[in-house]
Amino acid sequence: MSSEDVHADRFIGEFQELEHGRTNGPSLRGSVRSEGEAHEADLVRYLRAGSVLAATTSRVHDVLSPGKELIGGLHLLTDGEWFWYTDLAHYVEHYHVPVDARFVDHARRRSWTPPELSDADLVRISEVFFPYDSAPVVDEGQ
């Protein structure tokens, strides 16, 4: 079973319109609302405060804006239990996109403050998320 399967129910914001989304994910355009929930600012802060599990050099742009404005770098964030990409906070803040109610309850129970994960915590999580294949490399040219 891949790490994607293991964590599928703990991944939020994988909208089908995004390059890093899932083709069978929810529609970002269909999720846009005219206003957010009362806790939206707290939720955005929580999303931005997640620990970086994986950093990339990719840049993400706002796929909903006419000019495709730059949002920032694409990183995978976590609070140790849930996973999301850095652009999710932007879509929640600017387009009031809802996220999984279980995640909102989880963040609320933590008083809208994700835990500070140690390097050891992040290594442990990444080993499950990105399993290392320890099979020896065979050079077939010899």
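This report walks through a predicted model, starting with its sheet and moving on to its helices and an aromatic pair.

## The sheet

A good place to begin is the sheet, which is open and built from three strands in the order β1-β2-β3, with antiparallel pairing. The edges belong to β1 (51-61) and β3 (83-85). Each of these has a single partner strand, so one side of β1 and one side of β3 are left without a neighbour in the sheet. On average, and with direction ignored, neighbouring strands here are turned by 20° against each other.

## How the strands pair

Let us look at the pairings in turn. β1 and strand β2 (residues 70-78) run antiparallel and are joined by seven bridges. To find this pairing in the model, look for Val60, whose bridge partner in β2 is Gly72. His61 also has a bridge partner in β2, namely Leu70.

On to the other pairing: β2 and β3 are linked by three bridges, again in the antiparallel sense. Here Leu76 stands opposite Tyr85 of β3. The hairpin of β2 and β3 has four residues between the strands, and in this hairpin Gly80 takes a positive phi near 100°.

## A helix on the sheet

The sheet also has a helix packed on it: α6 (residues 119-129), which touches β1, β2 and β3. The direction of α6 makes about 65° with that of β1.

## Helix α3 and its two partners

Next comes helix α3 (residues 40-48), which packs with helix α4 (residues 88-95) at an angle of about 165°, their axes being 9 Å apart. Angles over 145 degrees count as roughly antiparallel, and that makes α3 roughly antiparallel to α4. The crossing of these two helices, α3 and α4, is left-handed. On the α3 side, the contact is made by Glu40, Leu43, Val44, Leu47 and Arg48, while α4 brings Leu88, Ala89, His90, Val92 and Glu93. Sorted by class, the residues where α3 meets α4 are six nonpolar, one polar and three charged.

α3 packs with α5 as well, this time at an angle of about 85° and with the axes 11 Å apart. The helices α3 and α5 are therefore roughly perpendicular to each other. Leu43, Tyr46 and Leu47 of α3 make this contact with Phe103, Val104, His106 and Ala107 of α5. Which classes do the residues of the contact of α3 with α5 divide into? Six are nonpolar and one is polar, with no charged residues in the contact of α3 with α5.

## Aromatic pairs

Finally, the aromatic rings: the count comes to seven aromatic pairs. One of them to look for is the pair of Trp82 and Phe103, which is edge-to-face, with 5.5 Å centre to centre and 70° between the planes. Trp82 sits in the loop between β2 and β3, whereas Phe103 belongs to helix α5 (residues 101-109), so this pair ties together parts that are 21 residues apart in sequence. You have met Phe103 already, among the α5 residues in contact with α3.

Technical notes
Residues numbered from 1 in each chain as written. Predicted model: local features only at pLDDT ≥ 70, side-chain atom pairs only at ≥ 80, totals over all residues. Heavy atoms only, no water. Axes fitted to C-alpha atoms, helices over the stretch in contact; angles between N-to-C directions. Parallel < 35°, antiparallel > 145°, perpendicular 65-115°, else oblique. Left-handed = near helix turned anticlockwise from the far one by under 90°. Contact = heavy atoms within 4.5 Å. Nonpolar A, V, L, I, M, F, W, Y, C, P; charged D, E, K, R; others polar. Pairing = 2+ DSSP bridges. Phe/Tyr/Trp six-rings, centres within 6.5 Å; stacked < 30°, edge-to-face > 60°.
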